[in-house]
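Got the viewer open? Here is a tour, stop by stop, with something to select at each one.

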Amino acid sequence: MADRRPIYLDHHATTPLDARVLDAMMPFLRDDFGNAASVIHAFGRRAAAAVDDARERVASAIGAAPDEIVFTSGATEANNLAIQGSARLRPGHRDQLVTAATEHPAVLDVCEALAGEGFGTTVLPVDAEGLLDPAAVEAALDDRTALVSVMTANNEIGVLQPIREIAAVCRERGVPFHTDAAQAVGKLAIDVEALGVDLLSLCAHKFYGPKGIGALFVRRRRPRARLKPVQYGGGHEGGLRSGTLPVALIVGMARALELCVEELESESGRQRELRDRLLAALSSSCSGVTCNGHEEQRLPGNLNLTFDGVDADRLLLALPDVAISSGSACTTASPRPSHVLLALGLSEARARASVRIGLGRGTTQGEVDLAARRILEEVRAQRSAAA
Ligand SMILES: Cc1ncc(COP(=O)(O)O)c(C=O)c1O
């Protein structure tokens, strides 16, 4: 057991790089090292052509046009550009932000930092299943609202927000709408036109692409979304994000996204079945197991479970052979209980008794069955030690 790799069930934290993606990247890590902005010679032109091609593929995967894709280092940066870029456009006029209590820190902390500079932030509550009411968004809007930011899929409880409805409310009132879709892109069919969003963040390492690359969709027409850059320099990415483009990462992101879109239907059905099997195994033979977040409106590979009377961190320590997490791994080693679970109304004690499980493309039935057995063993051991 000791030299075997643990079963990986933490795909919301990150996903492994797909071998087909690495193959697509390799030429750009070796021979094709040109700078995509130095197109006076063949090296740069090859890099620029690869970036153009990747931009087209990323855009088409989400129903956007190529000139609406701004490459960033990931979703954190894309969120910063969307939120800071909107807030700083007309300070003193449109300086109010609206978001939700269950957002990722890459949204909440940006809003909080801006609040420290005098911008206003309204953080809307969610219901006990983690859903935000579009009517609450509507009620929070006024003529000073610079941006509404609501995530598509939650990174802890997998809950899917009614993005289309919220986007419609914002469009009706002429307020730009941003969605952090880091957990949704590659797992759900995303079409920026059908959703009616103005800004959308994504990152490759959540869909079997490389780490350190992401993008912000910025609507260019009907209506055009306007942003102030956060980072200045050589004027890359239409002036919105200066910095030499990481060609290999961009090529990898496009390939990874294409593969996910191709396999989306079969893969989401497969993961949903495995997820339901895991939940049934855990809850049928063990009392005091609750699933957090809306039962249906959630990502196919997500489970967030509270085990009554169990300390989640101790449980994880006792399970070196199963890689799951408590709270959000994207949030560093925070001793605080999950703000997401607290927003659903869980007590601190129940939030601390909760684990996040994320199935992925490589997850097998054998792994799910073994993980269920090991989790049950350790839950029972902890409960009987406490009794
Ligand atoms: C919903 C969400 N937004 C943003 C991020 C941050 O993305 P990145 O790691 O690309 O900066 C993550 C995870 O890390 C996430 O789950």
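Which atom of the ligand is 2.9 Å from an N or O atom in the side chain of Lys 206? Select Lys 206 together with the ligand and you'll see that the partner is an oxygen atom of the ligand. Keep in mind as you click around that this is a predicted model.

**Stop 1: the ligand**

Stay with the ligand for a moment. Taken alone, the ligand exposes 380 Å², and the protein buries 89% of that. Now pick His 205: a polar atom of the His 205 side chain sits 2.9 Å from an oxygen atom of the ligand. Then switch to Asp 180, where a polar side-chain atom lies 2.6 Å from a ligand nitrogen.

Next, bring up the whole shell. There are 13 residues around the ligand, and those that come nearest are Ala 75, Thr 76, Asp 180, Gln 183 and Lys 206. Colour the shell by class and you get 5 nonpolar, 6 polar and 2 charged residues.

**Stop 2: Ser 201**

From Asp 180, hop over to Ser 201, since Asp 180 is one of the residues that Ser 201 touches. You'll find Ser 201 in strand E7, which covers residues 199-203. Buried or exposed, what is Ser 201? At 0% relative accessibility it is under the 20% cut-off, so Ser 201 counts as buried.

Show side chains here and look for His 178: the side chains of Ser 201 and His 178 are joined by a polar contact of 2.8 Å. Leaving aside residues up to four places away in sequence, Ser 201 also touches others, among them Ala 75, Ala 78, Asn 79, Ala 215 and Leu 216.

**Stop 3: the two domains**

Zoom out and colour by domain. The domain assignment gives domain 1 as 7-15 + 263-386, and domain 2 as 19-258. Put a centroid on the C-alpha atoms of each and the centres of domain 1 and domain 2 come out 28 Å apart. How many residues of domain 1 are in contact with domain 2? Select them and you should have 31 residues of domain 1, in contact with 32 residues of domain 2.

**Stop 4: Arg 277**

Select helix H8, residues 247-284, and find Arg 277 in it. Arg 277 has a relative accessible area of 35%, so it is classed as partly exposed. Beyond residues up to four places away in sequence, Arg 277 touches Gln 365 and Asp 369. For a sense of distance, draw a line from Arg 277 to Ala 349: they are 72 residues apart in sequence, and their C-alpha atoms are 27 Å apart in space.

**Stop 5: Ser 338**

Now go to the loop between strand E11 (322-323) and helix H10 (339-343), where Ser 338 has its place. With a relative accessible area of 9%, Ser 338 is buried. What does the side chain of Ser 338 reach at 3.0 Å? Turn on backbone atoms and you'll see that the answer is the backbone nitrogen of Leu 341. A line from Ser 338 to Phe 217 spans 29 Å, C-alpha to C-alpha, with their positions 121 residues apart in sequence.

**Stop 6: Arg 55**

Last selection: helix H2, residues 42-61, which holds Arg 55. Its relative accessible area is 14%, so Arg 55 is buried. Show what Arg 55 touches, again skipping residues up to four places away in sequence, and you get Pro 66, Ile 69, Phe 71, Glu 237 and Leu 245.

Note on methods. Residues are numbered from 1 along each chain as its sequence is written. This is a predicted model: local features need pLDDT of at least 70, side-chain atom pairs count only at pLDDT 80 or more; totals for chains, interfaces and linings use all residues. Side-chain values use heavy atoms; hydrogens and water are left out. A residue is near a molecule or strand if one of its heavy atoms lies within 4 Å of it. A polar contact is a pair of N or O atoms within 3.5 Å; within protein, one must be able to donate a hydrogen and the other to accept it, and residues adjacent in sequence count only if both atoms are side-chain atoms. Accessible areas come from the Shrake-Rupley method with a 1.4 Å probe; for residues, only the protein chains shown count as cover. Ala, Val, Leu, Ile, Met, Phe, Trp, Tyr, Cys and Pro count as nonpolar, Asp, Glu, Lys and Arg as charged, and the others, Gly among them, as polar. Helices (H or I, at least four residues) and strands (E, at least two) are DSSP runs, numbered from the N terminus. Buried means under 20% relative accessible area, exposed over 50%, partly exposed in between (1.4 Å probe, protein chains only). Domain bounds come from an automatic or database domain assignment. Contact means heavy atoms within 4.5 Å.
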